[in-house]
Amino acid sequence: MVRAAAPALGLLLLRLLQLLSLPAARSSGPGGPGDLLYISEYFSQSAQKLSFYSWYGNTKLFRFQVPEDTVLLRFLLQASKGKGPECTSMEITIYFRYGAPPVINPLGTRFPSNATVRPSYNLTMTLSITLQNSIFVNITNPAAGDWFIAAHLPQAAGKIEVKGFSIPCAYIFQPDMFVLRLVDVPVLQPDTPLQQTIASPARPLHVKIFIPEYTATMQFTLRSCVVNSTKACAIRVMLGSIMLPQSFQKTLSCKGTADCSLVLHSPPWEKWLQIMAENLDTTNASISFEMIASFTACKPGSTNLFLNFYNSLNQSQSTPALGGGRNASTLGMLGNTTLLAVSAANNASNPGTFCVQNQPVIREDLDVASVRFRVINGPSIPVHSEFPTLLLFNLNTGMDSGGTLVVNLLLNETSLSIGNASVFACMSAASPVLTLNTTQNCSTAFFQGYPLNVTGSSTEATLIIPYPETDNWFLSLQLICPRGQGECNKAKAKVTVSTYLTPCFDDCGTYGQCSLLRRHGYLYAGCSCKAGWGGWSCTDNTKAQSVGSQNLATLLLTLSNLMFLPAIAVALYRYYLVEASVYTYTMFFSTFYHACDQPGVAVMCIMDYDTLQYCDFLGSVVAIWVTILCMARVKKILKYVLFVLGTLLIAMSLQLDRRGIWNMMGPCLFALIIMIMAWVYHGVKRRHCYPTSWKRWVFYLIPGITLAFVAISVYAFMETSDNYYYTHSIWHILVASSVAFLLPPCDKHKNPWAWSQKLICRYQICKNDREELYAVT
């Protein structure tokens with residue numbers, strides 16, 4: 001792999017032209033010299049705006065399909081930033097992975113205890129003085145299939161930005177992919193020698209061979225290597241393809257005329273294996289050689305489990321009609337299993353010669369990235385000491401790599417005939433591990449598997465694989481004795497196997513939310529943690545809030561709304577009934593919205609969260625609107641018309657964009673303009689500054705305006721995700737207090753509590769009139 005930076009656009013275009021104009025390479029096939037045609041292809045995806053990292057949803061994911069027979073893969077990574085002063089130097093982290101999205105951990109948090117994670121290959125790109133930067137990443141002989149790229153900015157600062165108050169810098173990232181692939185690659189047939197010639201060291205030879213199912217070993221031999229048909233040669237052969245983050249390419253170096261060979265244990269089943277040969281000779285002479293490959297088959301044993309299950313299914317169910325509900329879907333799920341079981345029954349004519357025991361498995365799709373695997377006649381399966389037991393899990397649909405694969409083994413202690421024996425298991429992709437009793441390292445030819453082990457003292461083992469590679473996965477189990485296989489003496493054990501694919505492990509726990517993410521039709525899941533919890537599945541409690549802290553946060557955010565009670569009392573005292581109703585509405589919905597919005601366990605939702613949020617935002621803006629209009633002291637009919645019209649417009653704008661700063665600032669500024677115009681009108685009419693009383697300014701207006709400005713400063717500049725619960729509580733207290741100061745006094749001809757006295761007065765007048773009439777008659 002090579003990384004190079006291209007600082008200028010002209011140099012970038014020049015390199016692109018060089019890539020697309022590569023000459024055709026020549027090599028000779030079995031029939032003589034011929035041309036191998038290289039075809040270059042270009043794939044691009046739309047640019048994405050990067051985000052600061054706090055959880056996996058902040059990464060931008062890109063998925064590319066690398067075609068078969070690709071000999072060179074080149075990623076062009078381009079990044080740019082805006083021109084404003086807010087755009088500072090920034091470092092972009094980029095991850096690569098084959099077969100599944102990259103599993104990353106930029107924050108250094110903990111994974112679940114049973115999770116096995118291999119770090120993804122990553123590099124960094126810096127945007128400093130220049131507005132844009134580009135990097136090439138070259139990969140020779142890449143594996144065909146899905147390749148994923150993920151990119152993000154550094155860790156988020158945690159400050160809560162008010163939308164529209166400041167303009168964030170835009171950091172843009174776009175990857176492009178160039179591939180160079182061969183057409184009509186020579187095919188190496190099993191047990192058939194293939195004569196080849198390499199014309200020059202600059203033009204390596206590419207050959208491929210198909211690995212059939214149930215291949216235990218493959219022996220590759222290179223012989224009769226000569227330079228110009230006279231002297232011995234030096235050649236290097238690479239078997240396999242590069243798969244990031246880990247690559248297990250095998251290298252075979254041959255010097256001289258002697259034969260050299262390489263044995264691959266458990267090569268990938270039902271796939272093409274790429275072979276590349278390079279001439280190591282310093283001269284420009286051509287070399288010729290002969291290659292041959294042979295396979296050792298592993299015959300599967302017959303279990304008859306599928307046939308027994310199928311017969312029992314036919315006996316218990318009547319003949320279903322087409323589309324017959326559950327019966328039809330059950331038979332449909334058995335389709336992939338039928339071939340496996342029948343093949344096992346046909347190939348194992350002699351039970352004493354097979355080397356693996358198949359256990360048919362049913363795949364049941366439940367939802368997006370949600371699959372359950374059921375073992376036929378299971379879930380308990382027999383595990384032997386003479387040969388491994390094999391289970392196949394089909395995860396090659398292309399949409400399974402966005403979830404989490406969970407494997408659980410439970411040993412039946414009563415079935416274990418030898419107390420000190422253990423069941424060793426390996427979970428591997430592409431091909432199974434067939435030598436558990438000798439190696440016990442869970443490695444195949446090109447993949448490092450995941451081990452599990454259950455014993456009489458530790459009867460349960462769990463394996464968690466985030467984002468498993470797109471492939472067929474195999475679980476191999478075998479009974480192992482500490483003093484050798486002779487001690488087992490054909491013993492066996494019963495193990496319960498539970499395997500399923502879930503979007504998020506344990507649904508992200510109590511303090512997390514599992515979110516389904518999408519990128520161009522590809523779906524994957526991630527956990528968004530809360531209450532200070534972190535980690536891939538929200539299991540890291542290093543910075544977690546205690547239950548007491550969560551209760552305190554809930555109490556502060558909810559009870560701080562009770563500061564609206566003085567404002568409601570002042571409004572009622574001064575006969576502002578509409579304003580008092582708005583304040584009551586705001587206090588109620590703000591209290592229960594924050595009770596429902598809490599990240600921890602102290603949560604109470606009296607209705608849908610979205611409804612509570614909308615009502616809280618609506619009440620807050622309308623409360624500011626009616627307060628300023630009330631201070632303007634306009635005519636009642638005009639005031640109430642503005643109340644209703646403004647509330648309708650505010651409701652519409654909040655539906656369009658609930659968090660926009662202008663949804664609050666717009667009504668405030670418009671109401672302030674009306675208030676200033678009204679005050680100027682009253683001042684000109686009275687030929688005196690309005691409001692006229694200095695006491696009104698000193699004891700009410702100036703304190704109220706100060707409280708309002710402090711509240712806006714706290715809301716816009718001081719709130720972060722860490723201090724939100726007390727800074728936002730201060731915002732509640734300051735805003736509610738400012739309303740109590742800013743409400744104007746009632747009219748001079750009205751007494752305080754006039755609304756209640758008027759009701760009582762009406763009743764007394766009516767009573768007195770009746771008394772007078774009675775006296776007259």
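**Close-up A. Strand 7 and strand 12 pair in the antiparallel sense over eleven bridges.** This is a predicted model, and that goes for every view below. Strand 7 covers residues 70-81, and its partner here, strand 12, covers residues 171-183. Look for Arg74, which stands opposite Phe178 in strand 12. Strand 7 also has strand 10 (residues 132-140) as a partner: nine bridges join the two, and they run antiparallel. On that side, Arg74 has Asn138 of strand 10 as its bridge partner. So how many of the twelve residues of strand 7 are buried? Ten are, so the strand is largely enclosed by the rest of the structure.

**Close-up B. Arg223 and Glu290 meet side chain to side chain in a salt bridge.** The N to O distance is 2.6 Å. Arg223 sits in strand 15 (residues 215-227) and Glu290 in strand 20 (residues 287-297), so to speak two distant parts of the chain, 67 residues apart, linked by one pair. Is Glu290 buried or exposed? With a relative accessible area of 19%, Glu290 is buried, because the cut-off for buried is under 20%. Arg223, at 25%, is partly exposed.

**Close-up C. Arg236 and Glu278 form a salt bridge between two strands.** Their closest N and O atoms are 2.8 Å apart. Arg236 belongs to strand 16 (residues 231-239) and Glu278 to strand 19 (residues 271-279), so this pair ties together parts that are 42 residues apart in sequence. Both ends count as partly exposed: Arg236 has a relative accessibility of 30%, and Glu278 has a relative accessible area of 21%.

**Close-up D. Glu364 and Arg374 are joined by a salt bridge.** Here the N to O distance is 3.4 Å. Glu364 is in strand 23 (residues 361-367) and Arg374 in strand 24 (residues 370-375), ten residues apart. Glu364 counts as buried at 14% relative accessibility, while Arg374 is partly exposed, with a relative accessible area of 33%. Strand 23 spans residues 361-367; while you're in this part of the sequence, check out Arg363, Asp365 and Asp400, which are linked in a network of salt bridges. The salt-bridge count for the model comes to 14.

**Close-up E. Six strands make up an open sheet with mixed pairing.** Reading across, the order is 21-22-26-31-28-29. Which strands sit at the edges? They are strand 21 (300-301) and strand 29 (450-455), each pairing on one side only. At one of those edges, strand 29 pairs with strand 28 (residues 422-429) in the antiparallel sense, over six bridges. To find your place in that pairing, use Ala425, whose bridge partner in strand 29 is Leu452.

**Close-up F. Helix 8 and helix 9 come together with their axes within 8 Å.** Helix 8 takes in residues 577-596 and helix 9 residues 609-632. Their axes cross at roughly 150°. Angles over 145 degrees count as roughly antiparallel, and the two helices are therefore roughly antiparallel to each other. The crossing is left-handed. What are the residues of the contact like? They divide into 16 nonpolar, seven polar and two charged.

Definitions and conventions:
Residues are numbered from 1 along each chain as its sequence is written. This is a predicted model: local features need pLDDT of at least 70, side-chain atom pairs count only at pLDDT 80 or more; totals for chains, interfaces and linings use all residues. Side-chain values use heavy atoms; hydrogens and water are left out. Axes are lines fitted to C-alpha atoms, for helices over the stretch in contact, and angles run from 0 to 180 degrees between N-to-C directions. Helices (H or I, at least four residues) and strands (E, at least two) are DSSP runs, numbered from the N terminus. Angles under 35 degrees count as roughly parallel, over 145 as roughly antiparallel, 65 to 115 as roughly perpendicular and the rest as oblique. A crossing is left-handed if the near helix is turned anticlockwise from the far one by less than a right angle, and right-handed if clockwise. Ala, Val, Leu, Ile, Met, Phe, Trp, Tyr, Cys and Pro count as nonpolar, Asp, Glu, Lys and Arg as charged, and the others, Gly among them, as polar. Buried means under 20% relative accessible area, exposed over 50%, partly exposed in between (1.4 Å probe, protein chains only). Two strands pair if DSSP finds at least two bridges between them. A salt bridge is a side-chain nitrogen of Lys or Arg within 4 Å of a carboxyl oxygen of Asp or Glu.
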